[in-house]
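Hi,

Here is the structure I promised to pass on. Have a look first, and my notes follow below.

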Amino acid sequence: MLNIRDKHYFQRTMKWFIFAMIILIISFILSTIFSPSLDTFKSIGDKIPSSLDKATGLNKVWEYIINNGFRVPLQMLILSLIPIPFLYCINLISTSTITGIIFGFVIHFDFHKGLIMILSSIPHAIVEILAMCFVVSSLYKLNQAIIRKIGNLFRKEKKQKYSVNQALSQLIKTYILIALPIYIIAAFLETYFTEWIYSILI
């Protein structure tokens, strides 16, 4: 059904996922060692949209889908159109870094409750980052095709072209059939499963 022509798509996605997890773990370790200030934690919290912060139930699920499933991928798409390699990874790197910092902060603030918060948030965090990695993997090909096309304009010996239309088509297909459903799962996990796990362990 997917009919993805890029044979390395899933393999590349898993490499991005491992990369993101390494960043998260390093951020967590560093934040537990250096203990970020309360102001740093508050500044991170201020970046959360007010509509998302105040929403509950299915409204919260919808706000998560709108923000994480549509706005963030759109930002990544816009960055991928700029002929600079890996610029579109900023959202993935920042999400992994901030998640690690928050995990480190809550452990410092209250070890017992912090550990419970981490355990309850891990499923949602992992699924959301995985969805971002699927998007990044498709954007890699699109960005590569754009860079190659622009580069060939200034070369006497043209390098092999990558089809921008094909890369864009694959991006749309993988986003709708893979990434977006995973974002939706992450939204439900964050809204219901995270709170349920926390209420059991607290």
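Which backbone oxygen lies 2.9 Å from a polar atom of the side chain of S31? That oxygen belongs to F28. S31 sits in helix α1, residues 9–34, and is buried, with a relative accessible area of 5% (buried is under 20%, exposed over 50%, partly exposed in between, with a 1.4 Å probe and protein chains only).

Before you dig in: this is a predicted model, where local features need pLDDT of at least 70 and side-chain atom pairs count only at pLDDT 80 or more, while totals for chains, interfaces and linings use all residues. Residues are numbered from 1 along each chain as its sequence is written, and side-chain values use heavy atoms, with hydrogens and water left out.

Next, helix α4 (helices are DSSP runs of H or I, at least four residues, numbered from the N terminus). It covers residues 57–80, 24 residues in total, and reaches 34 Å from first C-alpha to last, close to the 34 Å expected at 1.5 Å a residue (that is 1.5 Å times one less than the number of residues). Its buried residues include Y64, I65, I66, G69, P73 and M76.

Then there's the surface. F111, L115, L119, I122, I126, F193, W196, I200 and L201 make a nonpolar patch of about 820 Å² (nonpolar side chains joined within 5 Å, from residues with over 30% relative accessible area and no salt bridge, meaning no Lys or Arg side-chain nitrogen within 4 Å of an Asp or Glu carboxyl oxygen; areas are Shrake-Rupley with a 1.4 Å probe). Helices α6 (111–152) and α7 (164–201) each supply at least two of the patch residues, and α6 gives the most, with 5. I122, found in α6, counts as partly exposed at 31% relative accessibility.

Cheers

Terms used: Polar contact = N/O pair within 3.5 Å; in protein donor to acceptor, adjacent residues only side chain to side chain. Patch = residues over 30% accessible without salt bridge, like charges linked within 9 Å, V, L, I, M, F, W, Y side chains within 5 Å.
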